[in-house]
Number of protein chains: 4
Amino acid sequence: MNGYSPEKDDLLKRLRRIEGQVAGISRMVDDDRYCIDILTQVSAATKALQSVSLKLMDAHLAGCVVEAAKKGGPEADAKVKEASDAIARLVRS
Amino acid sequence: MNGYSPEKDDLLKRLRRIEGQVAGISRMVDDDRYCIDILTQVSAATKALQSVSLKLMDAHLAGCVVEAAKKGGPEADAKVKEASDAIARLVRS
Amino acid sequence: MNGYSPEKDDLLKRLRRIEGQVAGISRMVDDDRYCIDILTQVSAATKALQSVSLKLMDAHLAGCVVEAAKKGGPEADAKVKEASDAIARLVRS
Amino acid sequence: MNGYSPEKDDLLKRLRRIEGQVAGISRMVDDDRYCIDILTQVSAATKALQSVSLKLMDAHLAGCVVEAAKKGGPEADAKVKEASDAIARLVRS
């Protein structure tokens, strides 16, 4: 059981759509399409991936972090540290 | 008492340094310095501001969110929602 | 002929690898893997997409924008405006 | 003469506003204001700095890069390489 279980179907649907977007970008490159049109699609796929990240992070905070906080102790601190590190990776990616 | 209280001095020192960086960028523009050199300084100030955000967010999770989670109830949910929204603003800024 | 023609094979290889990364993330979600491990992979795929964007933008500036600038006139202005808009989308995605 | 000369006043006005925003954030920290309210202001200042970057980059492309492209030769290549590197710093900051 993960924090994102209730969102699993939605996440899988988003990820499959992104996989299709990336395959579409490959076809555009293969067909020598105009750089700016390809860049527009890459930006759209990047934004879609970031939405997946934000959804996973929400679920993680509401699920795993809240659970650990209730128990308290070093595990709570570890979960918060781990979430903070993941947020830093998100902001810098 | 805020989550960031133990980090207050460090945060204030960082913010003053960023204020100085932004004042320095104004002087560079005023002196007609080369665009790319100015851009390099703006990127550095932007990164420094993002580090402040990440520090505040860490403190918020470890302090306010963990506190609220321990109490449980609707306040815990509200805190998590508020943190998630702030993370989304961070990622998109 | 596009600005990115000499990089076409490299771009296609990167895009196929990203497609594989996204498919791998779907499998991780399907297998109920730990949120933070999935988030790490989503951040990696996001960074890989941004590298594709930067590569396309380099090729666009060195190819299409430089070509248009040599000819001058309104087309040069239009190309610069279009590149600036694409950079703004990159920075904000 | 720089690419951004016609925008100099606007850039200086924006930078002074950002300096004020950062000073305001210091006061909020000093006054122990709520983390999320501070984070909202830091995100706003970060976005304002990114707008300055985008404005400088537009001016750089329309001015310095187009000038260099017209002359051609190794200087044109160097300007494009320099702009690409600055765009990469923008995207990753």
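What relative accessibility does Lys55(D) have, and is Lys55(D) buried, partly exposed or exposed? In this predicted model, Lys55(D) has a relative accessibility of 22% and therefore counts as partly exposed, the limit for a buried residue being under 20%. The side chain of Lys55(D) forms a salt bridge with that of Glu7(D), with a distance of 3.4 Å from N to O. This pair joins distant parts of chain D, since Lys55(D) lies in helix H2 (residues 35–71) and Glu7(D) in the segment before helix H1 (8–30), 48 residues apart. Glu7(D) is likewise partly exposed, with a relative accessible area of 30%.

Salt bridges within the other chains were examined next. Over all chains, the structure holds 24 salt bridges. In chain B, Asp10(B) is paired with Lys55(B), and their closest N and O atoms are 3.3 Å apart. Here too distant parts of the chain are linked: Asp10(B) belongs to helix H1 (residues 8–30) and Lys55(B) to helix H2 (residues 35–71), with the two positions 45 residues apart in the numbering. Both partners are partly exposed, Asp10(B) having a relative accessible area of 26% and Lys55(B) a relative accessibility of 23%. In chain A, a network of salt bridges connects Glu7(A), Asp10(A), Arg14(A) and Lys55(A).

A salt bridge within one helix is found in chain C. Glu82(C) and Lys79(C) have their closest N and O atoms 3.9 Å apart, a value that meets the criterion of a salt bridge because the cut-off is 4 Å. Both residues lie in helix H3 of chain C, three residues apart, which corresponds to about one turn of the helix. The two partners fall into separate accessibility classes: Glu82(C) is partly exposed at 25% relative accessibility, whereas Lys79(C) counts as buried at 15%.

The relation between chain C and chain A was then considered. A turn of 180° with a shift of 0.0 Å along the axis lays chain C on chain A with an RMSD of 0.0 Å. The two copies are thus related as by a two-fold rotation axis. The same surface serves both copies, as 100% of the contact residues of chain C recur in chain A. In total, 46 residues of chain C are in contact with 46 residues of chain A. The area buried between these chains is about 4,100 Å², and carbon and sulfur atoms give 66% of this area.

Across the interface of chain C and chain A, twelve residue pairs are in polar contact, both residues being at pLDDT 80 or more. Helices H1 (8–30), H2 (35–71) and H3 (74–92) of chain C each supply at least two residues of the side that touches chain A. H2(C) gives the largest share of that side, with 18 residues. By class, the side of chain C that touches chain A comprises 25 nonpolar, ten polar and eleven charged residues. Two salt bridges cross the interface of chain C and chain A. In one of these, the side chains of Asp32(A) and Lys8(C) meet at 2.8 Å, N to O.

Asp32(A) also has a notable backbone conformation. Most residues other than glycine have a negative phi. Asp32(A), although not a glycine, has a positive phi of about 60°. The residue is located in the loop between helix H1 (8–30) and helix H2 (35–71) of chain A, and its relative accessible area of 34% places it in the partly exposed class. In chain C, Asp32(C) has a positive phi of about 55° and is not a glycine either. Asp32(C) is found in the loop between H1 and H2 of chain C and is partly exposed, with a relative accessible area of 36%.

A buried position in chain B completes the description. Leu11(B), in helix H1 of chain B, is buried with a relative accessible area of 1%. Not counting residues up to four places away in sequence, Leu11(B) touches Tyr4(B), Val52(B), Lys55(B), Leu56(B) and Val29(D). Among these contacts is Lys55(B), the salt-bridge partner of Asp10(B). The C-alpha atoms of Leu11(B) and Ser53(B) are 9.8 Å apart in space, and the two residues are 42 residues apart in sequence.

Notes: Residues are numbered from 1 along each chain as its sequence is written. Chains are lettered from A and ligands numbered from 1 in the order in which they are written. This is a predicted model: local features need pLDDT of at least 70, side-chain atom pairs count only at pLDDT 80 or more; totals for chains, interfaces and linings use all residues. Side-chain values use heavy atoms; hydrogens and water are left out. Copies are superposed by least squares on the C-alpha atoms of residues with pLDDT of at least 70 in both. Contact means heavy atoms within 4.5 Å. Buried area is the accessible area (1.4 Å probe) that two parts lose on being put together, summed over both. A polar contact is a pair of N or O atoms within 3.5 Å; within protein, one must be able to donate a hydrogen and the other to accept it, and residues adjacent in sequence count only if both atoms are side-chain atoms. Helices (H or I, at least four residues) and strands (E, at least two) are DSSP runs, numbered from the N terminus. Ala, Val, Leu, Ile, Met, Phe, Trp, Tyr, Cys and Pro count as nonpolar, Asp, Glu, Lys and Arg as charged, and the others, Gly among them, as polar. Buried means under 20% relative accessible area, exposed over 50%, partly exposed in between (1.4 Å probe, protein chains only).
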